[in-house]
Each structure stands twice: as C-alpha cells, then as structure tokens.
Amino acid sequence: MMIIVQPVKGSYRILFYDGRHVRGAGITELTDTPKGLRPVRYRLRWGGKKDYKHTPSKDLIVQLRQGDVRLTRPDPAFESFLKSFQIRAGPVDACRMCLLDERVTPITAENSAEFSRGERICMDCARRELRREATQVGRLGRDAISHLEVLLDKYRNLDKVLATLQPDTLAFSRTLFDRLEPHPELETKKISDLRLPQVFVNSAGVGSLMPAQQLAIDAGLLTGKDLLIVAATASGKTFIGEMAGLKNYLEGRGRMLFLVPLVALANQKYERFSNRYAKFAKCGLLTGVSRINLPETRSAGDRDPQSPLVVGTYEGVDHLIRCGQRIHGIGTIIIDEVQMLEDPDRGHRLDGMIARLKYLAPQAQFLYLSATIGFPKLLAKKLNCTLVRYDDRPVGLERYLLFVERKQKIPTIKHLATEEYKKTSSKGYRGQSIIFTNSRARCHTVAEALGMRAAAYHAGLTAQERRDVETKFAGGKLMAVVTTAALGAGVDFPASQVIFDSLAMGNQWLSVQEFSQMGGRAGRPDFHDLGKVVILAEPGGSYSRESPLTEEEVALRLLKGEMEEVAPEHDIEASSEEYVANAVVCGGDEQELARINGMMVGSMEPVLPDLVANRLVKPTERGTIELSPLAKMMAEHFIGINRLLRVVALSEKMDDPLEIIAELECGDEAGVPEPEKRKQDRRKPSNRDRSGHKAMSHHERKHVGKSLKKRSGS
C-alpha cells in the first residue's frame, strides 16, 4: 500500500493508495514533544464513508511502518518525525489538485500542464481550471473555450493560455496565436538591368526588385501582359504598376490610370507619383468633390483627366465615364485593391467600371493588385489575365488573441501602443500602431484616451487634417492612429503593430478578406523587423442583434478562416445601375451592351424587363436601347431602379426637393421596395467613408428632385 503524505497549511493529508484506487484518507497534525515531533489529532476514514473517525496516533505510525511512504514535496518537520521511527520516505510526482479530491494521478510530461510557478498538474485538472477561469470572465462561447483547450493541448502551460483572458496581469508573449514567418532572401534583378527607360530608372528611387516584382517581370509585365498580382502588403505592388505604366507612356503606348478605393489613398499615390516623376510626366487627380466648398475641403491636386499619369478613386473616374465622357489615350490601367469586387456596397460599381474601361480602352494593359484574394486562379480566369502570386511576407508577422471585457479594451490598447512605441527597429524606426475600430465616434474616444501622441483618422476629417496626421505619423511623432475599419483596405501608415479594438465595420462583422487585408498592414520591410497583430475580443460582445455570433467567436473564425472565391452576385438594384451605365458607354447598342455585361466578373439580374416596364429604357427597331433622362440620371448619380422609383414617388407628394432628400435619408423605410430594403439591411451605406464619390450629393439630389417634379407634372 502506498501512503501519500501531502502537506496542507499546517496539517497533513494522508491517502492510502493501492495502485488503482484510494482506499482511505486521513488528516493529522504534528506537535513538538520532549521526544520530538509526534502526530496528534489523527482522523481516518475508509472506503466510501464520508465522516472521519478519531484514531489513535499509534495506528498511524503502524500504518506508516507497513506502507510505502511518499511525500508530495519536501517537508523537514514530517521527515524528522519519520526519521525518529526509522521510516523511509520517497518522493511522489502526482497532481496536487487530484490529491485534494482524493484521486492519485501520477504526473508525466505527456499527461500534464505547467501551472503556477512551475508546478505541473494533470490535463484533466488543467482543463477544469481553465473552464473555471473562463466562467469568471463570463459569456465566452463554446468556440472560444474550445480554442483555449486547443491552446492548452498545444502549449501544456495553463498560465500561458490564461494570459489570453488576463492580459493585464500575465505576460503578453503568452497570448501568441500564431506566427507567419518572413520569406528567405531571393535573388532578384536590379532595375538598371531591365528594359526600362533610363529617365524612369533615374527617378524611381529603387535599386533592386523585390520578389513579387521579379515574378511580375517574369510573367510578362514589361511586354504588355495583363496580370493579377496577389502579394502581401509592403511587397512592392504599387511599383509594379509604376514600371509598366511609365514604360508604356514613355514609349508612346498611352497614359497611365491608377485607380484606388479611397480618397486618402488617392492623395498619397498622387503625392508619390508627383514627387518622383513630375520632371517628365505630370500627374492628375480625379476623386469625388466635397459637397462643402471650403479651402480645406478642396482637392490639392491637379484635376486634369488628360494628364500622363492619372490617379483616381473608382467612383471619381467612373463618374466621368457614366456621364458619357471619354478618357482617351490610356495605355495602362492599374486597379488597386481589386478585392473590393466583393464589397457588398461598391463591388458592383468596381465590376462595372472594369468592364467599361475594357470596352473603352481595349488595347490597354490591365494590372489588378491585391494583398488578399480567395482562390485567385479563378479570379484571374474571370478577368482574362495571368496570375502572379507571392504568398510570403517581407517581414514576419505575429498574431495575438486576447479576450478582454469592453471596459478593459482602452487600457489594454494604451499599454500595447505605449510599449510598442518604446521599441526601435534595426532600421532605426520607432514602433507605431494602427488601431482599427468600428465607428468615427469610437476613433475619437480611443485617441483621446491614449493622449497627445495618438490621433483619430477617418473620412470625416478634412483633407488637411488627414494630411497632418499622415505627416506626423510618417515622422514618428505619433505612437498610434485610430481609424475606422472602412479605411483598412488602403491606409498607408508604416505601422509595426495593428490592434483590433473591434472586429466589425459599422454593425457588420469583418470578412476574412477584410481582416487579412487590415492585419497585413503590420510590419514594413524598410522600417521594421517584425509585424504584430493584436485582437482584443470581447467575450459575448456583439454589434448587431441580427447576428448570433459574438466577438470572440468571430475572432477565431477570422484567424482560422479561408477567403472565399470572388464571385459577386449583383441584385436588381446593383444590376440596374450597372446596366444603364454600360448602356451609356456603348450608346445603347444592344450587341455592344451584351458584350460589356459579359465582361463583368459578377452575375447580373435580368433587369431589362423592369427598366422597360417603368419606361426608363426603350428598345428600338435599330437594335439599340434608348435611355430616358431618368435612366441617364441613374447612371450619373450611382442609383438603382428601386431608389429612383422611390424618388419619383416622393416627388409626386412633395414640392420641396429638400423634403425629398430628408425623407430619403431619414424617413421611414416602410415604402422601400423589398430588394432595396434587403440591401440596406445587409450593410448600411458608409457615405463617403470608403468611396471618393457620394451616391448623390446635396446639390445633385436637389437637381434630381426638381427634374422629377417637372417630369411628373408634364
């Protein structure tokens, strides 16, 4: 019989173990006597009995002499007592928590986990302790608890796993979810060895190619091939476009058009190209125009659409096309952030614009750039181009997952950003953070809490305010910017750390693609040695009553998820808008219209019958589609059939265009046609947050309202 002695706060628990089961349990204390330490108040119970019986201490001595005595840890007092009776004792490595429940589980490296200052407990007890701690945090879903148990099996360290629940009290390094290793050094060519115009080489400021750039060269970049380039953030995708675009321009094959989803990103590209290439190629800027005509809201760029280099937002350039204007002499068209094809609000417009540009500039070289595309081979086939894929990152990326109550998020963010700012990379740059959250108001709340070295950054700021933030961040004067998730696709801040205060965009959860795009902005090869992504997931947190998911469950899905194929399905609202826009471009020619529609990546609804039924278009015997003035307005002002019909209906009831606008923006949705309502429910429009062009400006809606009123009275 093995007799296991466990010192417990001034007393000793004694278990009688036959190798399979605990047969009995006792409790005793030691007291000092003239003969030495002796046991007193010995109580014992056997079998399944619940009550302890007072037992003579001499019975314990007999039992100890007859058994195999083992101590759970060194105890000089009990060892002295045993020695006085010439009883030998050895150690036993058993789970302390099991012993407290009168079970004996021998500890091995395979069946145990580290807990509390080097102590090891069995995995069953470690899981129970983990669940107990998770319950105290509250509202953790099954997926989150399963994730914690997976981490426990992986690390065999309970403290490390509990650090994801208690980041303020335990080491942050223990919250690591995974690590994406940097790529090995690959041999690439110098740009001076390529067939590029010398004036471009002298101005580019680049010595040698990065791996993704070399792969693009090998795939036919400089011979006019259309390419889809999928590579991590900071892998040099923009310069791929510059090489092809400037080469084509300088060699007489046409001008360069560089399109991006954000005004802020367009401004950054405009400044970059102007600074580098102004000596031989003037740059123009085409973005949406602010509704408020103030000096700080006016575009700082030259708005000449005939410039050799034109940088624009999708909607800024597309608006010219939808109005029937032609952009002549284009030799290269670069579509940055092409994953926006999957955006539920703007994807159909990007899809239609690409098809319209292909129709208008059939000889142009098309380059599509993205850091995050699901199943890129399929998209390359749909776009009729060659795929260039480079999955490796220029710098390593560590991803951390912390479960944090909402009230603890800002203190945790402040700690993380402050600690990162204290670090300096081997390139001499301080660690800086981008903090993504779900609303403009939250941007300011977090930024103010972080102090003077943090700033909010979103589309609600003036252009000058955004430029000031960009300049301060680039100069290392800010430790953090707090921005909306809507700007995540293109914000060009060289940050070493990305922190997710929220995993939502407005009240909708991020997709795997959006999350990967935003997180990939951590770590730049010319600035940093390592990038870090930190997710602060609120247990039980949600931003919408419509979604059953909670933030910690979403976090795990985003970290483990795979991006879906880019296969948008355009509903009747989106399809009708693109149909009339395509009709404007081809002059209504039915065959050409079908060709443009066929070049779109997404699938369209058959909208012609609805457009005809509502007298918005009329087929003619000449094989053309004749557009009414209202249909042309649909194209010019980026609106679909349901929204247009609602404007028409309101114009029959109201005389004041401003009242119509107010009703459109703030009124009851009871009269909204069902397809439009479904779209609104899926994701509320972000106004100018991500586009460079509002669907209809105040002035434009006033014009539409007056025109409709005039039409309804005629």
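Begin by selecting Cys 323 in this predicted model, where the residue is partly exposed, with a relative accessible area of 32%. Then select Cys 283, which counts as buried because its relative accessibility of 4% is under the 20% cut-off. While cysteines are highlighted, keep in mind that the structure holds zero disulfides.

From Cys 283, move along strand S13, which covers residues 283-286 and runs parallel to S14, with four bridges joining the two. Within this pairing, Gly 284 stands opposite Val 310 of S14, and Leu 285 stands opposite Val 311 of that strand.

Next, select residues 309-313, which form strand S14, a mostly covered strand in which five of the five residues are buried. If you look along S14, Leu 309, Val 311 and Thr 313 point one way, while Val 310 and Gly 312 point the other way, and all of these are buried.

Now add strand S12, residues 255-260, which runs parallel to S14 and is joined to S14 by five bridges. Here Leu 257 is the residue that stands opposite Val 310.

Widen the selection to the open sheet of seven strands, whose order is S13-S14-S12-S15-S16-S11-S17 and whose pairing is parallel. At its edges are S13 and strand S17 (386-390), each of which pairs on one side only. From one strand to the next, the twist averages 15 degrees.

Finish with helix H8, residues 211-218, which lies across S17 and strand S11 (227-231) and runs at about 160 degrees to S17.

Technical notes
Residues are numbered from 1 along each chain as its sequence is written. This is a predicted model: local features need pLDDT of at least 70, side-chain atom pairs count only at pLDDT 80 or more; totals for chains, interfaces and linings use all residues. Side-chain values use heavy atoms; hydrogens and water are left out. A disulfide is a pair of cysteine sulfur atoms within 2.5 Å. Buried means under 20% relative accessible area, exposed over 50%, partly exposed in between (1.4 Å probe, protein chains only). Two strands pair if DSSP finds at least two bridges between them. Axes are lines fitted to C-alpha atoms, for helices over the stretch in contact, and angles run from 0 to 180 degrees between N-to-C directions. Contact means heavy atoms within 4.5 Å.
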